[in-house]
Amino acid sequence: MMKKALLGVAVFSATLAFAEQSVTFEQLLKAMEQSSPKLEQQRLQTKIAEQSLRTAAAAYLPTLTLGGSSEYSHKFHDSYTPSSVGSDSLTQTSQYQNSSTISLSYDLFRFGATNLGVKAATEQIKASKAGECVNLKEQIDSLLEAYAKVRIATAKLAYYQRMQKLYQDSYIMAKRLNEAGELAQTEVITYAQYMADQLVLTAQIYEEKESMLAHLTYLSGVKLDTTSKLEPLTLKETSLAMVAFEESSRAKQAYASVSQKEAQLKAEKTRYLPVFSLYGKYDLYGSDEDQLNRSMHDVERNGYRAGLSFSWTLFDGFAREAAVETRLLELQQAKIGLVEAKRVYEKEQYLLEAQTREREQRLSHAKKSEASSHNVSEMIETLHENGQKDKLSSLKAQIQYYQTAIASHEAEELLHLSQTKEILFAQKEYECAAH
């Protein structure tokens with residue numbers, strides 16, 4: 001209990017520490033790996049699979065059972081009766097009786113069913129461990145997307161605040177020109193609409209930022225709010241290349257699932273075959289017609305039995321057939337899952353590489369557009385100072401420049417997002433392969 005309390009205090013302190021200071025992606029990633037409920041559930045699933053292996057391997061060992069009974073029997077008539085009718089024994093005399101039995105049973109031969117059960121459990125562990133890596137990559141992808149969106153939203157809000165001031169100045173200037181008879185009333189209304197539209201966009205971006213901050217808190221367990229500053233994505237470059245599908249976590253998970261279902265299908269088919277078992281029993285018995293205590297003191301060795309048993313279920317209402325058919329369908333399902341996993345992996349790789357290329361081009365075009373808009377804005381401002389351009393034109397040029405700056409910043413963030421994904425995904429695949 002004390003350990004849990006200390007852990008709670010540590011987590012609470014970390015939550016407060018992150019609330020009003022700069023946060024890096026590496027910090028959130030580390031927190032997510034340590035506290036994510038989804039990741040912990042997958043780790044527990046692996047531990048459950050390990051216990052299933054212990055259960056399956058227990059069939060290699062014999063079963064030892066100790067049993068005992070204390071009974072009083074009363075016979076109503078002294079006439080002769082058989083000792084049993086069918087599988088039920090009949091009372092032979094009135095007496096107290098006590099018995100103890102030690103039983104040992106061991107399956108000698110089950111046509112490989114035990115081995116197949118162990119193999120299926122082993123493959124289940126492999127699939128679950130690979131699932132940990134797949135789950136981690138999915139969580140990282142979600143964390144990265146939310147992180148980048150928060151940074152983009154933060155930059156947009158900063159630019160929108162400046163643009164709102166420019167729109168206000170433009171509206172005031174438009175009203176003055178209208179009053180002087182130099183600008184139509186419709187133009188004034190247009191600038192008023194620009195101001196209103198900008199407020200709506202600001203509210204939408206703010207709402208999106210709040211949503212993404214909440215998602216980051218959910219994924220990492222770290223409390224974030226609008227005062228938290230997210231640092232740029234700055235992971236070190238790596239020479240690791242993305243692994244082929246056959247070596248990936250998705251492939252390992254899918255292949256293990258297929259192997260598990262194949263073993264389970266073969267094991268199910270052994271139910272059509274007989275089972276040979278070895279058994280042994282050692283009995284102690286005591287009885288007395290009048291007193292329970294004497295029956296207990298009279299307990300002595302009664303005898304032992306040892307033998308080889310053979311059992312073969314010839315008909316069970318087609319339960320075996322249904323079980324085998326179920327396992328066969330599960331195997332087909334796992335094979336289809338393998339095909340699906342390959343397509344998903346190849347699609348992810350293609351999109352990741354294509355996005356990086358496209359975002360590099362997008363950033364290049366956005367930077368050029370930003371530089372061009374900046375030059376135009378400076379030029380028009382110079383002309384305005386020289387009396388060759390009106391103030392309204394200068395304000396329009398500045399707004400246009402901020403719009404291109406927003407596009408450039410967003411393109412840069414998206415490129416860093418794609419590059420970080422490539423680096424992290426490659427690292428995690430190699431880490432999973434090493435374990």
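Visitor: Which handedness does the disulfide of Cys133 and Cys432 have?

Guide: Happy to help, and please keep in mind that this is a predicted model. The torsion about the S-S bond of Cys133 and Cys432 is about -115 degrees. With that torsion, the disulfide is left-handed.

Visitor: How many residues apart in sequence are the parts that this pair ties together?

Guide: Cys133 sits in helix α4 (residues 113-179), while Cys432 belongs to helix α9 (residues 391-434). The pair therefore ties together parts whose separation in sequence is 299 residues.

Visitor: How far apart are the sulfur atoms of Cys133 and Cys432?

Guide: The structure holds one disulfide. A disulfide is counted when two cysteine sulfur atoms lie within 2.5 Å. For Cys133 and Cys432, the sulfur atoms are apart by 1.9 Å.

Visitor: Is Cys432 buried or exposed?

Guide: The cut-off for buried is under 20% relative accessible area. Cys133, its partner in the disulfide, has 12% and is buried. Cys432 has 18% relative accessibility, so Cys432 counts as buried.

Visitor: Which residue offers its backbone oxygen to the side chain of Ser73?

Guide: Ser73 is part of strand β2 (residues 63-73), and at 9% relative accessibility Ser73 counts as buried. Leaving aside neighbours within four places in sequence, its contacts include Thr91, Ser94 and Gln97. The backbone oxygen that the Ser73 side chain reaches, at 2.9 Å, is that of Thr93.

Visitor: What accessible area does the nonpolar surface patch with Tyr272 have?

Guide: Tyr272 lies in the loop between α6 (249-269) and β7 (275-288), and at 30% relative accessibility Tyr272 counts as partly exposed. The patch also includes Leu108, Phe109 and Leu308. Together, the patch residues have an accessible area of about 620 Å².

Methods
Residues are numbered from 1 along each chain as its sequence is written. This is a predicted model: local features need pLDDT of at least 70, side-chain atom pairs count only at pLDDT 80 or more; totals for chains, interfaces and linings use all residues. Side-chain values use heavy atoms; hydrogens and water are left out. Helices (H or I, at least four residues) and strands (E, at least two) are DSSP runs, numbered from the N terminus. Buried means under 20% relative accessible area, exposed over 50%, partly exposed in between (1.4 Å probe, protein chains only). A polar contact is a pair of N or O atoms within 3.5 Å; within protein, one must be able to donate a hydrogen and the other to accept it, and residues adjacent in sequence count only if both atoms are side-chain atoms. Contact means heavy atoms within 4.5 Å. Patches are made of residues with over 30% relative accessible area and no salt bridge: like charges are joined within 9 Å, nonpolar side chains (Val, Leu, Ile, Met, Phe, Trp, Tyr) within 5 Å. Accessible areas come from the Shrake-Rupley method with a 1.4 Å probe; for residues, only the protein chains shown count as cover. A salt bridge is a side-chain nitrogen of Lys or Arg within 4 Å of a carboxyl oxygen of Asp or Glu.
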